[in-house]
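Trainee: Could you take me through one part of this model in detail? I would like to see how a single residue is described, and then one more for contrast.

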Amino acid sequence: MSSTIDEKSTGQESVSNLPKHFMRSENEKPEDSKAIEGIQVPIISLSQPNKDVLVRELSKACSEWGIFALTDHGIPQSLLDQLRYVGEEFFKLSEEEKQKHASNPSFGNFEGYATKMVRNYGEKNEWVDYYFHLMHPPGKVNHQAWPEHPPSYRNVTEEYTKEVLRVNFTILELLSEGLGLEDKSILKSKLGGDEIELEMKINMYPPCPQPVLVLGVEPHTDMSALTVLVPNDVPGLQVWKDGNWIAVECLPNALYVHIGDQIEVLSNGEYKSVLHRSMVNKERSRMSWAVFSTPPHDAVIGPLQSLVNNEKPSKYSSKTFAEYRYRKINRLPQ
């Protein structure tokens, strides 16, 4: 954690006193915007034998929720366990060791270790550390930006890259069918085809003494096309639906797939980018492994022409993903 938080150790111990720059305003505090529990997000099984049923269920989940739990996805449980292990091992390192892998946004280097727990004057802090790096395509991957510890990190992550890429392409094909598109590969091709970019972000939310007053990550939608999330066993993901926050109950072995902004734009609003936030825990560290699939920066993203007509005019402007990203990060109108 940051050296600016004197009460916090560099290990996994929680802060004894919560600094004010983490405390949320009254309308943001989790205790004042409590989530509804006991409602399950849609569960989609890729082993559903009836393709029409699968497409219909998936489309409904993406139109009404923007998120679903994916089961029977074909990724071995042993690989998911290894993925969690190598991420956990990195975050067990001392702050000094983790800082050797620090990103440097001031010089345009966003890959590496970073923390949101350094005081940012004028803004409230999020309670999270993270590691971010590119996974795909191979020609753009910089392995020097990946963690060196544990030594197995690279092999495990490269194997997971193959699997999560396959899952992404399968979902994109099903989503294309759900939109009634004759070309089932059109969403994949619009997003760059085999040059689609996969970005890994490992989030680590340390124990917090007053979790009802802080947020791990503020409410947001992902600027990606899809986000494939692997959580640990500590709950904390919440999604916005029908005017309420819904606490997501994590199923063992499931992947949690978020519809991102680029799919909402391409589908002309038929599929919804899910608004979500992250909570923290008083006793235990929460972790999640998010893989964002994004188009290349020069790809132009706009509503598919076949989905635009007099009854359903275009809801979004077309622009390069680089421009979209710039506007999103700087909170400018799209």
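Mentor: What follows is a look at Q238, and then at D72.

This is a predicted model, in which local features need pLDDT of at least 70, side-chain atom pairs count only at pLDDT 80 or more, and totals for chains, interfaces and linings use all residues. Residues are numbered from 1 along each chain as its sequence is written, and side-chain values use heavy atoms, with hydrogens and water left out.

Q238 sits in strand β8, residues 237-241 (strands are DSSP runs of E, at least two residues, and helices are runs of H or I, at least four, both numbered from the N terminus). Q238 counts as buried because its relative accessibility is 10% (buried means under 20% relative accessible area, exposed over 50%, partly exposed in between, with a 1.4 Å probe and protein chains only). Beyond its neighbours within four places in sequence, Q238 is in contact with several residues, among them A35, W245, L275 and R277 (contact means heavy atoms within 4.5 Å). With R277, the two side chains make a polar contact at 2.8 Å (a pair of N or O atoms within 3.5 Å; within protein, one must be able to donate a hydrogen and the other to accept it, and residues adjacent in sequence count only if both atoms are side-chain atoms).

D72 lies in the loop between β2 (67-71) and α2 (77-91). D72 counts as partly exposed because its relative accessibility is 48%. Setting aside neighbours within four places in sequence, D72 is in contact with S45, L46 and S47. The D72 side chain makes polar contacts with the side chain of S45 at 2.5 Å and with that of S47 at 3.1 Å. L255 is 183 residues from D72 along the chain, and their C-alpha atoms are separated by 9.4 Å.
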